[in-house]
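Student: Could you take me through the aromatic rings of this protein, and show me how they pair up and what sits over them?

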Amino acid sequence: MKFKTYLKLMTLLLTITTLNAQEGLPIYSDYLTDNYYLIHPSMAGVANCAKIRMTGRQQWFGDDNAPSLATLSVNSRLGEGPSAVGGIVYSDRNGFHSQVGAYATYAHHLMFSRNEIDLNMLSFGLSAGFIQYKLDETSFLSQGFDPIIAGIEQSATNFNIDFGFSYHFINFYAHATVKNVLNNEGINFNEQGLSFDNLRTYLLSVGNTFKKYGSEWSYEPSIMYMYRDATQESSIDINGKVYKDMDFGRIWGGLSYRRSFDGAEFLDGSGVSSQKLQYFTPFVGVDYNNFVFAYTYSYQANSVVFNNGGFHQITLGYNFNCRKKKYECDCPAIN
């Protein structure tokens, strides 16, 4: 591959890194490890148990300043009523960019069924929080003076909100969320000095669980569509998940495939080639009594990548204040 190819790909990588470093909580596949609340505020308190979830994600082992993410979330219903609350704190590092954030969530769940045996519920959620962005430029001036580089650690703190809704009907569910509703100027600028202030992202998730009567196995296909307003980029996750009931709880696993609808062009020899972002993400987990453990591995299946190493993630969880299962449905996110 010629030098121009590398140059264009690195420019693209830096642009994507700049945008992702200021997007708020990054959106990976951790929602599939019993953690939909991370991306949909309306899922706070939807389950019959209060939930604590911790995740740690590390990319490209062995590379300096490789992306890493840590999250801690908790959500719970308020007594037996329709209201619920939740909270998320996270730390995200990506090269010279880093951010820390904290969100508080209120959710409300409306039952449409005549009794609680048949699940028919509409939920609304609103999250509000602060994000502190940092850009460490202290090592940027090793080659001499540059008028567009300050040579210091820049930081900015912004306020933003997410809102959305969820609908559950027996084994079917759908979620829609708008993240980063407000414009945040942050600290990232392009070469013309214009800031990326529109971080708005739209998410839509749909899925259904299938189970044969009397079987220990159940299957959950789902999709998630994501659209970024500022760059008009979009992608889709196609997911398959399987569960097996055990005496101690449940074991589960699955595979997610993420595909971008937007390609990046680059020079390849004498022509111009294009590739679209592709991720394959297998995951496996176990529910042991009230404890949850899961491992997720993501592999970027593109011919031109920054690093051939995968992305590793661990999820730890604990369920508490559990109520008796009310609904006659195979709905893992609820019962």
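Tutor: Happy to; here is a close look at the aromatic rings. This is a predicted model, in which local features need pLDDT of at least 70, side-chain atom pairs count only at pLDDT 80 or more, and totals for chains, interfaces and linings use all residues. Residues are numbered from 1 along each chain as its sequence is written, and side-chain values use heavy atoms, with hydrogens and water left out.

The structure holds 11 aromatic pairs; rings of Phe, Tyr and Trp (its six-membered ring) pair if their centres lie within 6.5 Å, and planes under 30 degrees apart count as stacked, over 60 as edge-to-face and the rest as tilted. One of them joins Tyr202 and Tyr227, with centres 6.3 Å apart and planes at 35°, so this pair is tilted. Because Tyr202 belongs to strand S8 (residues 201–208) and Tyr227 to strand S9 (residues 217–228), the pair ties together parts 25 residues apart in sequence. Strands here are DSSP runs (E, at least two residues), numbered from the N terminus. Tyr202 is partly exposed, at 33% relative accessible area, and Tyr227 is partly exposed too, at 23%. Partly exposed lies between buried (under 20% relative accessible area) and exposed (over 50%), with a 1.4 Å probe and protein chains only.

Tyr257 and Phe280 make another tilted pair, 4.8 Å centre to centre with 40° between the planes. Here Tyr257 of strand S11 (residues 249–268) meets Phe280 of strand S12 (residues 271–288), 23 residues apart. Phe280 is partly exposed, at 34%.

Elsewhere, ring pairs link Tyr31, Tyr36 and Tyr173 into a cluster. As for charges, the charged end of Arg57 sits over the ring of Tyr28, 3.8 Å from its centre, and that of Lys241 sits over the ring of Trp252, 4.5 Å from its centre. Sitting over a ring means that NZ of Lys or CZ of Arg is within 6 Å of the ring centre and within 35 degrees of the ring normal.

Methods. Helices (H or I, at least four residues) and strands (E, at least two) are DSSP runs, numbered from the N terminus.
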